[in-house]
Amino acid sequence: MVGYEKKIFYAVNNNYTNLIINTGCWGRTELSDLGLVTATGIDLEPDGNIRITVISITPTGFGAKGEPEKSNSWIGTATGKTLADAKNNLNETATKNLAWFHNRFIIIGENFAKHGIGDIIDHLSRGRQFRYENKVLITPTTAYDMLTIPADVEKKPGS
(Lines give C-alpha, C1' and ligand atoms only; values in the text may rest on other atoms or scores of the structure.)
Protein backbone atom coordinates (compact mmCIF):
# COMPACT_ATOMS: atom_id res chain seq x y z
CA MET A 1 0.00 0.00 0.00
CA VAL A 2 2.92 2.33 0.63
CA GLY A 3 4.05 2.08 -3.02
CA TYR A 4 0.54 2.91 -4.25
CA GLU A 5 0.31 6.00 -2.02
CA LYS A 6 3.74 7.10 -3.22
CA LYS A 7 2.59 6.85 -6.86
CA ILE A 8 -0.50 8.92 -6.11
CA PHE A 9 1.62 11.50 -4.27
CA TYR A 10 4.01 11.83 -7.22
CA ALA A 11 1.15 12.01 -9.75
CA VAL A 12 -0.64 14.75 -7.81
CA ASN A 13 2.62 16.59 -7.16
CA ASN A 14 3.51 16.36 -10.86
CA ASN A 15 0.12 17.77 -11.86
CA TYR A 16 0.43 20.70 -9.44
CA THR A 17 3.96 21.41 -10.63
CA ASN A 18 2.77 21.45 -14.25
CA LEU A 19 -0.06 23.83 -13.35
CA ILE A 20 2.33 26.22 -11.65
CA ILE A 21 4.99 26.12 -14.37
CA ASN A 22 2.61 26.33 -17.35
CA THR A 23 0.60 29.33 -16.24
CA GLY A 24 0.95 32.76 -17.78
CA CYS A 25 0.83 34.26 -21.22
CA TRP A 26 3.84 32.79 -22.90
CA GLY A 27 2.40 33.04 -26.39
CA ARG A 28 1.31 36.64 -26.12
CA THR A 29 2.45 39.38 -28.45
CA GLU A 30 2.93 42.82 -26.97
CA LEU A 31 1.32 45.70 -28.82
CA SER A 32 4.68 47.45 -29.02
CA ASP A 33 6.09 44.43 -30.91
CA LEU A 34 3.51 44.73 -33.71
CA GLY A 35 3.69 46.71 -36.89
CA LEU A 36 0.14 47.22 -38.17
CA VAL A 37 0.14 47.17 -41.96
CA THR A 38 -2.30 49.76 -43.27
CA ALA A 39 -1.51 49.69 -47.00
CA THR A 40 0.08 47.11 -49.28
CA GLY A 41 1.54 47.71 -52.72
CA ILE A 42 2.38 45.00 -55.24
CA ASP A 43 4.45 45.55 -58.39
CA LEU A 44 6.04 43.51 -61.14
CA GLU A 45 9.73 44.29 -61.49
CA PRO A 46 11.43 44.38 -64.94
CA ASP A 47 13.33 41.18 -64.07
CA GLY A 48 10.04 39.33 -63.41
CA ASN A 49 10.26 39.43 -59.61
CA ILE A 50 7.40 40.67 -57.48
CA ARG A 51 7.92 43.69 -55.22
CA ILE A 52 5.76 44.14 -52.14
CA THR A 53 5.71 47.48 -50.33
CA VAL A 54 3.88 48.17 -47.08
CA ILE A 55 3.16 51.08 -44.82
CA SER A 56 3.21 49.91 -41.23
CA ILE A 57 2.44 51.87 -38.08
CA THR A 58 3.40 51.07 -34.53
CA PRO A 59 0.57 51.79 -32.10
CA THR A 60 1.41 54.04 -29.18
CA GLY A 61 -0.19 54.96 -25.90
CA PHE A 62 -1.33 58.24 -24.46
CA GLY A 63 0.91 60.90 -22.99
CA ALA A 64 0.67 62.59 -19.61
CA LYS A 65 -1.97 65.08 -20.75
CA GLY A 66 -4.19 62.43 -22.31
CA GLU A 67 -3.14 63.29 -25.85
CA PRO A 68 -2.01 60.44 -28.08
CA GLU A 69 1.71 60.11 -28.49
CA LYS A 70 3.23 60.31 -31.95
CA SER A 71 2.96 57.00 -33.77
CA ASN A 72 5.85 55.64 -35.74
CA SER A 73 5.40 54.59 -39.33
CA TRP A 74 7.63 52.38 -41.41
CA ILE A 75 7.71 51.84 -45.15
CA GLY A 76 9.16 48.49 -46.05
CA THR A 77 9.75 46.83 -49.38
CA ALA A 78 11.08 43.48 -50.54
CA THR A 79 11.16 41.39 -53.69
CA GLY A 80 10.79 37.71 -54.43
CA LYS A 81 10.02 35.25 -57.21
CA THR A 82 6.46 34.86 -55.90
CA LEU A 83 4.23 36.96 -53.68
CA ALA A 84 4.81 34.52 -50.81
CA ASP A 85 8.60 34.87 -51.24
CA ALA A 86 8.32 38.65 -51.26
CA LYS A 87 6.21 38.59 -48.07
CA ASN A 88 8.71 36.30 -46.36
CA ASN A 89 11.60 38.56 -47.39
CA LEU A 90 9.66 41.56 -46.10
CA ASN A 91 9.10 39.87 -42.74
CA GLU A 92 12.85 39.26 -42.49
CA THR A 93 13.65 42.95 -42.97
CA ALA A 94 10.88 44.27 -40.72
CA THR A 95 11.79 45.36 -37.21
CA LYS A 96 8.33 44.43 -35.89
CA ASN A 97 6.01 41.48 -36.38
CA LEU A 98 3.83 42.59 -39.27
CA ALA A 99 0.11 42.24 -38.60
CA TRP A 100 -2.12 42.51 -41.66
CA PHE A 101 -5.45 42.76 -39.79
CA HIS A 102 -5.70 46.52 -40.28
CA ASN A 103 -4.70 46.58 -43.94
CA ARG A 104 -7.17 48.77 -45.85
CA PHE A 105 -5.66 49.19 -49.30
CA ILE A 106 -4.06 46.87 -51.81
CA ILE A 107 -2.43 48.97 -54.51
CA ILE A 108 -1.36 47.12 -57.62
CA GLY A 109 0.94 48.58 -60.26
CA GLU A 110 -0.42 48.71 -63.80
CA ASN A 111 2.33 46.44 -65.17
CA PHE A 112 1.31 43.70 -62.76
CA ALA A 113 -2.39 44.29 -63.33
CA LYS A 114 -1.97 43.73 -67.08
CA HIS A 115 -0.87 40.16 -66.29
CA GLY A 116 -3.99 39.61 -64.13
CA ILE A 117 -4.69 40.12 -60.46
CA GLY A 118 -6.42 36.81 -59.81
CA ASP A 119 -3.32 35.22 -58.28
CA ILE A 120 -2.85 38.17 -55.93
CA ILE A 121 -6.45 38.12 -54.75
CA ASP A 122 -6.30 34.34 -54.37
CA HIS A 123 -3.11 34.46 -52.31
CA LEU A 124 -4.29 37.28 -50.07
CA SER A 125 -7.78 35.85 -49.54
CA ARG A 126 -6.28 32.59 -48.28
CA GLY A 127 -4.29 34.40 -45.60
CA ARG A 128 -5.82 34.46 -42.14
CA GLN A 129 -4.88 38.06 -41.50
CA PHE A 130 -6.36 39.63 -44.63
CA ARG A 131 -9.95 40.76 -44.55
CA TYR A 132 -12.35 41.00 -47.47
CA GLU A 133 -13.01 44.70 -46.92
CA ASN A 134 -9.69 45.80 -48.47
CA LYS A 135 -9.94 48.31 -51.30
CA VAL A 136 -8.09 47.09 -54.40
CA LEU A 137 -6.65 49.96 -56.42
CA ILE A 138 -4.75 49.94 -59.72
CA THR A 139 -2.23 52.73 -60.24
CA PRO A 140 -0.77 53.84 -63.60
CA THR A 141 2.62 54.19 -61.90
CA THR A 142 4.12 51.66 -59.52
CA ALA A 143 2.62 50.88 -56.14
CA TYR A 144 6.05 51.57 -54.65
CA ASP A 145 5.92 55.14 -55.98
CA MET A 146 2.42 55.63 -54.60
CA LEU A 147 3.30 54.40 -51.12
CA THR A 148 6.59 56.28 -50.81
CA ILE A 149 5.19 59.73 -51.63
CA PRO A 150 5.70 61.79 -48.46
CA ALA A 151 2.48 62.85 -46.81
CA ASP A 152 2.00 66.49 -45.85
CA VAL A 153 -0.24 66.09 -42.85
CA GLU A 154 -1.05 68.86 -40.41
CA LYS A 155 -0.64 68.05 -36.73
CA LYS A 156 -3.88 69.77 -35.74
CA PRO A 157 -6.38 70.21 -38.57
CA GLY A 158 -7.81 73.69 -38.87
CA SER A 159 -4.94 75.49 -37.16
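Which residues does Ile-52 touch, not counting residues up to four places away in sequence? In this predicted model, Ile-52 touches Thr-40, Gly-41, Gly-76, Thr-77, Ala-78, Leu-83, Ala-86, Lys-87, Leu-90 and Trp-100. Three of these names, Leu-83, Leu-90 and Trp-100, recur in the largest nonpolar core. That core holds 18 residues. Ile-42, Ile-52, Leu-83, Leu-90, Trp-100, Ile-120 and Leu-124 touch the most other members. Strands and helices both contribute: β1 (34-44), β2 (50-58), α2 (83-93), β5 (105-109) and α4 (118-126) each supply at least two residues of this core. In soluble globular proteins, nonpolar side chains tend to be buried together.

Strand β1 pairs with several other strands. With β2, the pairing is antiparallel and spans 8 bridges. Here Thr-40 stands opposite Val-54 of β2. The two strands form a hairpin, with 5 residues between them. Gly-48, in the turn, has a positive phi of about 95°. With strand β4 (residues 97-99), β1 runs parallel, joined by 3 bridges. Leu-34 has Asn-97 as its bridge partner in β4. With β5, β1 also runs parallel, and 4 bridges join the pair. Ala-39 stands opposite Phe-105 of β5, and Ile-42 has Ile-108 as its bridge partner there. Of the 11 residues of β1, 9 are buried, so the strand is largely enclosed by the rest of the structure.

Strand β5 pairs onward with strand β6 (residues 135-139). This pairing is parallel and runs over 5 bridges. Gly-109 has Thr-139 as its bridge partner in β6. Burial is again extensive in β5: 4 of its 5 residues are buried, so β5 is largely enclosed by the rest of the structure.

A charged residue also lies within β1. Asp-43 is found in this strand. Asp-43 is buried yet has no salt bridge. The nearest side chain of opposite charge belongs to Arg-51, 5.6 Å away. A salt bridge requires a separation within 4 Å. A polar partner is found elsewhere: the backbone nitrogen of Ala-143 lies 2.7 Å from a polar atom of the Asp-43 side chain. Beyond its neighbours within four places in sequence, Asp-43 is in contact with Asn-49, Ile-50, Arg-51, Gly-109, Phe-112, Thr-142, Ala-143 and Tyr-144. Arg-51 is thus among the contacts of Asp-43, although the two residues form no salt bridge.

Terms used:
Residues numbered from 1 in each chain as written. Predicted model: local features only at pLDDT ≥ 70, side-chain atom pairs only at ≥ 80, totals over all residues. Heavy atoms only, no water. Core = buried A, V, L, I, M, F, W, Y, C linked by side-chain atoms within 4.5 Å. Buried < 20%, exposed > 50% of the residue type's maximum accessible area, 1.4 Å probe, protein only. Contact = heavy atoms within 4.5 Å. Lys, Arg positive; Asp, Glu negative; His and termini not counted. Polar contact = N/O pair within 3.5 Å; in protein donor to acceptor, adjacent residues only side chain to side chain. Pairing = 2+ DSSP bridges.
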